[in-house]
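Work through the exercises below with the sequence and the model open side by side. Try each task before reading its solution.

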Amino acid sequence: MAGVREHFGTGQLKIDPSTSVFINCPFDEDFAERFDALVFATICCSFLPRSALESGSVAEPRMERITRAIFSSKYSIHDLSRCQGEGEERFARFNMPLELGIAMARRYTQTKKTGRHDWFLLVPEGHPYQKFISDLGGFDPSPYDGTVKTLVQRVVSWLATRSDTVQTPTPQDVLNALPAFVAEKTKLTSQ
């Protein structure tokens, strides 16, 4: 698999930051179809998807695992579609902007060894993100209509232009193969 090779003798995997993409998005049932599409599109473009769902020690705080994953990934994709009030209390979910902030900081703390971090921002069409995070005014987030089709188009188009891209399938190729990926994932997770 691109970006991963077994570290012989230890049974551990060594992750290549230059082909790693941290995915920052909601992890719930309503977003599951889009999460699968994000992961699959990343794999189809020969990158290794990473996320807050990576295993880690329960003794290690989640923020440490997230920060380590972002700092050991050259790229990241951030979906701010859930940054609005939800539920009876109308609480907004600010995990995604927080992780975007970590990725932005990572970009400005580059070293020769780590290289420069590149991030991609997805927002729903018509989303008033600039009202609650106005500092993003100088950036060009990619709006999408909340569908898997548009999400895949935006992500594949962005990943295809990264300097470490090995293969660049068309968004339609990814969408055509996505059902088989989801079926295989479902089979594996139900065992």
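**Exercise 1.** Find which side chain is joined to that of S76 by a polar contact, and describe where S76 sits in this predicted model.

*Solution.*
- Step 1. Look for the partner: the side chains of S76 and H78 are joined by a polar contact of 2.7 Å.
- Step 2. Place the residue in its element: S76 belongs to strand 5.
- Step 3. Check the accessibility. S76 has a relative accessibility of 0%, so it counts as buried, the cut-off being under 20%.
- Step 4. List the contacts, setting aside residues up to four places away in sequence. S76 touches V21, F22, A103, H117, D118, W119, F120 and W158.

**Exercise 2.** Determine which strands pair with strand 3, and in which sense.

*Solution.*
- Step 1. Take strand 4, residues 48–50: three bridges join it to strand 3, and the two run parallel. In this pairing, L48 of strand 4 is opposite S20.
- Step 2. Follow the chain between these two strands. It leaves strand 3, passes through helix 1 (residues 32–44) and reaches strand 4, a β-α-β crossover that is right-handed.
- Step 3. Take strand 5, residues 75–79. It pairs with strand 3 over four bridges, in the parallel sense. Here I77 of strand 5 is opposite I23.

**Exercise 3.** Is strand 3 enclosed or open to the outside? Decide from its residues.

*Solution.*
- Step 1. Sort the side chains by direction: S20, F22 and N24 point one way, while V21 and I23 point the other way.
- Step 2. Count the buried residues. Strand 3 covers residues 20–24, and five of the five are buried, so the rest of the structure largely encloses this strand.

**Exercise 4.** Write down the order of the strands in the open sheet and find which of them stand at its edges.

*Solution.*
- Step 1. Read the order across the sheet: five strands, arranged 4-3-5-6-7, with parallel pairing.
- Step 2. Look for strands with a single partner. Strand 4 and strand 7 each have one partner strand and stand at the edges, so one side of each has no neighbour in the sheet.
- Step 3. Add the twist, which averages 25 degrees from one strand to the next.
- Step 4. Look for a helix against the sheet. Helix 3 (residues 95–108) lies across strand 3, strand 5 and strand 6, and it runs at about 155 degrees to strand 6.

**Exercise 5.** Describe the surroundings of S142.

*Solution.*
- Step 1. Place the residue: S142 is in strand 7, residues 142–144.
- Step 2. Check its accessibility. The relative accessible area of S142 is 11%, so this residue is buried.
- Step 3. List the contacts beyond four places in sequence: F120, L121, L122, V123 and R154.
- Step 4. Find the polar contact. The side chain of S142 is joined to that of R154 at 3.4 Å.

**Exercise 6.** Work out how far apart T42 and V155 are, both in sequence and in space.

*Solution.*
- Step 1. Place T42: this residue is in helix 1 and is buried, with a relative accessible area of 0%.
- Step 2. Compare the two separations. T42 and V155 are 113 residues apart in sequence, and their C-alpha atoms are 7.8 Å apart.
- Step 3. List the residues that T42 contacts, leaving aside those within four places in sequence: V21, I23, F47, L48, P49, I77 and L159.
- Step 4. Turn to the protein as a whole. Among contacts between residues at least 6 apart in sequence, 64% join residues at least 24 apart.

**Exercise 7.** Explain why C44 and C45 do not form a disulfide with each other.

*Solution.*
- Step 1. Search the whole structure: zero disulfides are found.
- Step 2. Take the distance. The closest cysteine sulfur to that of C44 is in C45, 6.8 Å away, which is too far for a bond; a disulfide needs sulfur atoms within 2.5 Å.
- Step 3. Check from the other side. For C45 the closest cysteine sulfur is the one in C44, again at 6.8 Å.
- Step 4. Note the accessibility of each residue: C44 is buried at 14%, and C45 is buried at 0%.

**Exercise 8.** State how many helices and strands the protein has, and in what order they come.

*Solution.*
- Step 1. Count the elements: six helices and seven strands.
- Step 2. Read them from the N terminus on: β-β-β-α-β-α-β-α-β-α-β-α-α.
- Step 3. Add the buried share, which is 41% of the 191 residues.

Key: Residues are numbered from 1 along each chain as its sequence is written. This is a predicted model: local features need pLDDT of at least 70, side-chain atom pairs count only at pLDDT 80 or more; totals for chains, interfaces and linings use all residues. Side-chain values use heavy atoms; hydrogens and water are left out. Buried means under 20% relative accessible area, exposed over 50%, partly exposed in between (1.4 Å probe, protein chains only). Two strands pair if DSSP finds at least two bridges between them. A crossover is right-handed if, with the strands pointing away from the viewer, the path from the first strand over the helix to the second runs clockwise. A polar contact is a pair of N or O atoms within 3.5 Å; within protein, one must be able to donate a hydrogen and the other to accept it, and residues adjacent in sequence count only if both atoms are side-chain atoms. Contact means heavy atoms within 4.5 Å. Axes are lines fitted to C-alpha atoms, for helices over the stretch in contact, and angles run from 0 to 180 degrees between N-to-C directions.
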